[in-house]
Every structure is written in structure tokens, then in C-alpha cells.
Amino acid sequence: MGNLVAIVGRPNVGKSTLFNRLTQSRQAIVNEEAGTTRDRQYGKVFWGGREFSIIDTGGWVVNSEDIFEEEINKQVAIAIEEADVILFVVDSIHGTTDLDDSVAAILRQSKKPTLVVANKVENNATRYGSADFYAFGLGDPICISAINGSGTGELLDAIIAHFPSNDKEEETGENIPRLAVVGRPNSGKSSLINAFIGEDRYIVTDIAGTTRDSINTRYNKFGFDFYIIDTAGIRKKGKVNEDIEYYSVIRSIRSIENADVCILMIDATRGIESQDLNIFSLIQKNKKGLVVCINKWDLVKDKSTPAIKTFENAIRDRLAPFTDFPIVFASALTKQRIFKVLEQALEVYKNRKFHVPTARLNEEMLTAIENYPPPATKGKYVKIKYVSQLKETPVPTFIFFCNLPQWVKDPYKHFLENKIREKWNFTGTPINIIIREK
């Protein structure tokens, strides 16, 4: 199961700095000017053998002159609602403010696990001042400095303590494929699932955002047995102009994390758009299987082979460099090729579980490596001597053992991945290439 953590607080307390520190990236723009963060940032965090997702939010403000105030506050509220754990970041230098009190009141009402994070604690004087934050009634403040990383280890330990243990997750999990239908609002996700199950279980309208929650349905017909997840588009039906993209993406995060294979719905009448690319990037970050379904194909006039080929090439170009995935042209309304979508999704699930025998893997790959060895760097020659595939991993993972792993660069890793895909069928699933010293 995926775990979601949201960072909230008033402006300029260091939320984006903390986000960058925990994700070990520079995704979020950091500036001393309050209100810099408006768009939401989403990243992955690894700690203590656990993995979770984290969302950076804009600063909570009231009665300001910022024209984005209402939208930012709305998005913060959605993040609080969706999160499993909330990090309430406060400024230990300036102490508590009225805005902090208003955020604390919202968090007390949410009854979600909340950690008070006293940021900018860089000396004993500010550490003593953090005692003021007990007044929020949200537990002991955790003192950190996001800018230099002190205290973040203790913070991460406190976060993962709120997650269910891996053992409990494995005991409750069934060995049944989980397919998530994802895409931008009004791309036909609910219509497709209704067509699969043969009944109007999900409300379908022309209004983007009709589906509000992610809903699991077990499908056990015609030799198929899997869970299919219908994901929400947006929560509210009005004002979809500013925050439609944010809502559709944040509502898809949990569904994507909990799925084995994602069916990305694309509207044939509109083509692939920026929202589709955002959702595709979430699928890639979480290393999930992918099937692209071009829905509403019945509304397209030109269905010739050249037109189909042009459409396919355009999609693969936009989603490059990952291009090894199936594309199905279907119509949820007329039920044209909808079961082909299921067959391809289950084939991708099967590919994710496929294991290549070690002897065969070495026979094929070492020959390919001998013909095209890694390029020499600074007069040093890399010799790859052995390769194996790890068993029981979520994603097919191949380890190449060599004498100088540090000199094997990404272009050659892409070459190795392409050779693996040429020899064996891993269509629709990402592949991990790891280089280690022999």
C-alpha cells in the first residue's frame, strides 16, 4: 500500500526546503519571498527500507492581496484530506502566529496523524523557543533544520512509525493483479469500467469530476480475476479552470501506487495533452506497468492504417524515452476492443513477473556485450563478467557485475535495457539496470 505525506504550514517557514531535503532533489523552487510555491510538487522518499510519497503545498494565507490565495488554500485542504501523515511546519525563529493557529485548528479537526516540525533550529536559543509550539495541542514538536539537514533523520523515523508494517501489508495482500484506470477528467474512465462489468455501477456524465473517490471492484468473469480501480478526476464541478490538473493528479497518486498496472486513458478527440504527461510521469516514478488506451475511437473519422500509425508514433514520441508499451484503440461506448485492453493489461502484469534463467541471460547478454563493450574512459576498460536477474522484485531488476561500475554511464545502461527487451518480452513494464563491482 502506498503512503502519502503532506507538508503544510504558513508561507516562508521552509516547506519547500524540507521537501527538497527529504526527496534529495531540487524540484521545489526556494526563495525568501513568501508565496513562491503555488503549484504542487510530488516526490518519493526512501528511508529505513521504506518508501513513501510526499507533497509540498503552498503557504496557508488569509485576507492577503495574492490573487492565488483561494486556490492555494483549496489545494492545501485537499492535501490534508488525502494524506496519511501531515507535517505541520512552523518557524522556530519567529514563533507562533495567527496563521499558525488557524492551520493548527484545521489539523486538529482533521484528526489525521500530525507531526509539528519546528524548522530553522540551528542553535540552542531557537531550540528552547520551540516549546511554544506545544500550545497547538498536536504533540511534541520535532526540531530540525531543513537547510542543513539536522534532525531530519529523527523526523523520518517519526513519519514511518505511523505507517503499517510491511509484514501486515503482506499478510493482508492478495496475489491478484490490481489494475488502475487513470487519466485526465472526462476521458472515459468510468465508462470503460461500466463496459467491463456490464452494469452502470459508476455515474457517468459529461461534467469533468463526476467521480470523486477511487473505487475498487473485483472482476471475476470470462477467465479473468483482478481488481480494477476507477480513479477520481476532480472533487468539485465548478471552477475547473485553475485547479483541474492538480486535482486529477493528486487523486491518481494513491491509485497508481497501489496498482500493478495502470491503464492510461487518452481521449482520441483531443490527443495527448500536458495532463496526460503528468499522470504518465507518476506512473514512471512509481515504476508501474503501462497500457495506453485511446478511448472514443468511434468518434474519429479517419481510421486508416496510416492514421493509426501516425497516432501511435505521436504518443510514443511524447512519452519517450519509455516507448515499449502496448497501445489499444477502443471505445467504451460501443465496447469496441475493450477486452483487448484487459488482455494487454494482464499480459503486462505477467511480463512484470517473468524471470529469465541465469544461464540463458548470460549466454545472450555477454555475447551482446562482447560485440559492443562499454566505451573506455580515461584509458580504463570496463569488463562485464556476469549478469543475473533478482527474484521476487516488484520490477524486473538485472544486476551486471564488472570491474569498474563507476565508469558505466546511463547511455550504456539504456543499451543493455534495449538488448534485454529485444531478447525477452518485457513490454509495458519498466526495467531496473544495476551495475555492481565483481
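The following legends describe close-up views of a predicted model.

**Figure 1. Overall content of the predicted protein model.** The secondary structure of the protein consists of 13 helices and 15 strands. Of its 438 residues, 53% are buried. Among contacts with a sequence separation of 6 or more, 70% are made by residues 24 or more positions apart. The protein has an accessible surface of about 21,200 Å², and carbon and sulfur atoms contribute 49% of this area.

**Figure 2. The open sheet formed by strands 13, 14 and 15.** The 3 strands follow the order 13-14-15, with mixed pairing. Strand 13 (384-389) and strand 15 (432-437) occupy the edges; each has a single partner strand, so one side of each has no neighbour in the sheet. On average, neighbouring strands of this sheet are turned by 20 degrees against each other, direction ignored. Strand 13 and strand 14 (residues 397-402) run antiparallel and are joined by 5 bridges. Gln389 is placed opposite Phe398 of strand 14.

**Figure 3. Helices 12 and 13 lying across strands of the sheet.** Helix 12 (residues 358-371) lies across strand 13 and strand 14, and its direction makes an angle of about 140 degrees with strand 13. Helix 13 (residues 410-423) lies across strand 13, strand 14 and strand 15. The angle between helix 13 and strand 15 is about 120 degrees.

**Figure 4. The aromatic pair of Phe398 and Phe426.** Across the whole structure, a search identifies 12 aromatic pairs. Phe398 and Phe426 form an edge-to-face pair, with 5.8 Å from centre to centre and 85 degrees between the planes. Phe398 belongs to strand 14, whereas Phe426 lies in the loop between helix 13 and strand 15; the pair therefore ties together parts that are 28 residues apart in sequence. Phe398 and Phe426 are both buried.

**Figure 5. A phenylalanine cluster and two charges placed over rings.** Phe88, Phe133 and Phe136 are linked into a cluster by ring pairs. Arg178 is positioned over the face of Tyr227, 5.2 Å from the ring centre. Lys438 is positioned over the face of Phe401, at a distance of 5.9 Å from the ring centre.

**Figure 6. Surroundings of Cys262 in strand 10.** Cys262 forms part of strand 10, which spans residues 261-267. Its relative accessible area is 0%, and Cys262 is therefore classed as buried. Apart from neighbours within four places in sequence, Cys262 contacts Ala180, Val182, Ile256, Ile283, Lys288, Gly289, Leu290 and Val291. The C-alpha atoms of Cys262 and Gly428 are 9.7 Å apart in space, while the two residues are 166 residues apart in sequence.

**Figure 7. Tyr349 and Asn351 in helix 11.** Helix 11 comprises residues 338-353 and includes Asn351; Tyr349 is also placed in helix 11. Tyr349 has a relative accessible area of 13% and is buried. Outside the neighbours within four places in sequence, Tyr349 is in contact with Asn175, Ile176, Pro177, Asp260 and Val261. Tyr349 and Cys262 are 87 residues apart in sequence, with a C-alpha to C-alpha distance of 9.9 Å. Asn351 has a relative accessibility of 4% and therefore counts as buried. With neighbours within four places in sequence set aside, the contacts of Asn351 are Pro396, Asn425, Phe426, Thr427 and Thr429. Among these contacts of Asn351 is Phe426, the residue that forms the edge-to-face pair with Phe398.

**Figure 8. Helix 1 and the residue that follows.** Helix 1 (residues 15-23) is largely enclosed by the rest of the structure, because 7 of its 9 residues are buried. The buried residues of helix 1 are Lys15, Ser16, Leu18, Phe19, Asn20, Leu22 and Thr23. Just after helix 1, Gln24 adopts a positive phi of about 55 degrees.

Definitions and conventions: Residues numbered from 1 in each chain as written. Predicted model: local features only at pLDDT ≥ 70, side-chain atom pairs only at ≥ 80, totals over all residues. Heavy atoms only, no water. Pairing = 2+ DSSP bridges. Helix = DSSP H or I, 4+ residues; strand = E, 2+ residues; numbered from the N terminus. Axes fitted to C-alpha atoms, helices over the stretch in contact; angles between N-to-C directions. Contact = heavy atoms within 4.5 Å. Phe/Tyr/Trp six-rings, centres within 6.5 Å; stacked < 30°, edge-to-face > 60°. Buried < 20%, exposed > 50% of the residue type's maximum accessible area, 1.4 Å probe, protein only. Lys NZ or Arg CZ within 6 Å of the ring centre and 35° of its normal. Areas by Shrake-Rupley, 256 points an atom, 1.4 Å probe, with all protein chains shown as cover.
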